[in-house]
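Please open the model in your viewer and keep the selection tool at hand. The tour below goes from stop to stop, saying at each one what to select and what is to be found there.

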Amino acid sequence: MILSPAFYERDTVTVAKDLLGCLLVHREEATTMGWIVEVEAYLRGDPAAHSYRGETKRNSVMFGPAGHAYIYLIYGLHTCVNVVTGPEGGGEAVLIRALEPAIGIDLMQRRRGMSDRVSLASGPGKLTQALGITMDLNGTSLYDGPLQVRSSDSLPGRRPEGMPGEIVQTTRIGITKAADLPLRFYLKGSRYVSRR
């Protein structure tokens with residue numbers, strides 16, 4: 001089941017935790033998807049958030065509406081995908097940090113030039129390359145576009161590693177501002193997270 005707009009309009013930390021175990025899906029030349037196993041929350045007033053200094057052309061998607069993809073480039077090479085959360089105008093989002101590959105694995109492996117499933121999508125730049133997520137998808141709806149988030153029961157009889165299981169809460173990775181905030185969440189027991 002595709003998650004509705006109301007799912008994303010809630011408190012960002014709650015949404016971040018509830019995204020774990022859901023499926024990130026990209027439907028294009030072929031469908032690729034993976035279970036979300038690691039996320040980071042970025043909040044209003046958070047010095048590490050792109051929205052911290054206010055709305056700009058680059059970050060305008062973060063300010064709403066919820067349930068849209070906020071995609072940006074890092075190092076001029078790799079894209080990162082976030083889901084916009086909370087009330088419109090809030091400037092909050094959840095970064096998808098890692099996936100456990102589920103469907104379209106052969107295509108993901110070709111895109112990444114590797115066969116190791118564990119590291120195929122174990123980082124924000126890796127997962128967007130594996131799923132073919134480009135800047136063209138920035139601002140698109142996550143419920144009626146080619147990029148979607150579906151509930152964990154969308155693949156009957158299949159579950160990600162670590163599900164059902166505990167959620168680990170810890171500090172975010174690769175940032176210098178507000179690095180002490182415990183806003184990173186991942187599925188305990190998953191081999192597919194970017195870092196333990």
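Begin by selecting Ser115, which sits in the loop between α3 and α4, where helices (H or I, at least four residues) and strands (E, at least two) are DSSP runs, numbered from the N terminus. Ser115 is exposed, with a relative accessible area of 57%; here buried means under 20% relative accessible area, exposed over 50%, and partly exposed in between (1.4 Å probe, protein chains only). If you also select Glu38, which is 77 residues apart from Ser115 along the chain, you will find their C-alpha atoms separated by 21 Å.

Before going on, note that this is a predicted model, in which local features need pLDDT of at least 70 and side-chain atom pairs count only at pLDDT 80 or more, while totals for chains, interfaces and linings use all residues. Residues are numbered from 1 along each chain as its sequence is written, and side-chain values use heavy atoms, with hydrogens and water left out.

Now select the two helices on either side of that loop, α3 (residues 105-112) and α4 (residues 124-131), which pack at an angle of about 115° with their axes 7 Å apart. The axes are lines fitted to C-alpha atoms, for helices over the stretch in contact, and the angles run from 0 to 180 degrees between N-to-C directions. To see where the helices meet, show the side chains of Met108, Arg111 and Arg112 in α3 together with Lys126, Gln129, Ala130 and Leu131 in α4, bearing in mind that contact means heavy atoms within 4.5 Å. The residues of this contact divide into three nonpolar, one polar and three charged, given that Ala, Val, Leu, Ile, Met, Phe, Trp, Tyr, Cys and Pro count as nonpolar, Asp, Glu, Lys and Arg as charged, and the others, Gly among them, as polar.

Stay with α3 for a moment, and ask which of its residues are buried. They are Ile105, Leu107, Met108, Gln109, Arg111 and Arg112, so that six of the eight residues of this mostly covered helix are buried. Colour β2 (31-42), β5 (92-103) and α4, since what covers the buried residues of α3 includes these elements. Just after α3, select Gly113, which takes a positive phi of about 65°.

Moving to α4, you will find that six of its eight residues are buried, so this helix is largely enclosed by the rest of the structure. The buried residues of α4 are Pro124, Gly125, Leu127, Thr128, Ala130 and Leu131, and among the elements that cover them are β1 (23-27), β4 (78-85) and α3. The residue that follows α4 is Gly132, whose phi is positive, near 70°.

The next stop is the interior, where you can select Leu19, Leu24, Ile36 and Val149, the residues with the most contacts inside the largest nonpolar core, which has 41 residues. A nonpolar core is a set of buried Ala, Val, Leu, Ile, Met, Phe, Trp, Tyr and Cys residues joined through side-chain atoms within 4.5 Å. Around Leu19, leaving aside its neighbours within four places in sequence, the residues in contact include Leu3, Phe7, Val83 and Ile96. A second, separate core of 13 residues includes Val61, Met62, Tyr72 and Ala93.

Then select Cys22 and Cys80, and ask why the structure holds zero disulfides, a disulfide being a pair of cysteine sulfur atoms within 2.5 Å. The sulfur of Cys22 is 20 Å from the closest cysteine sulfur, in Cys80, which is too far for a bond. Both residues are buried, Cys22 with a relative accessible area of 6% and Cys80 with one of 2%.

In the loop between β2 and β3 (69-74), select Asn59, which at 3% relative accessibility counts as buried and, beyond its neighbours within four places in sequence, is in contact with His50, Ser51, Gly54 and Tyr70. Pro65 lies in the loop between β2 and β3 too, and the peptide bond leading to Pro65 from Gly64 is cis, with omega near 0°.

Finish with Thr170 in strand β7 (residues 167-170), a partly exposed residue with a relative accessible area of 25%. Leaving aside its neighbours within four places in sequence, Thr170 is in contact with Leu181, Pro182, Leu183, Arg184 and Tyr186.
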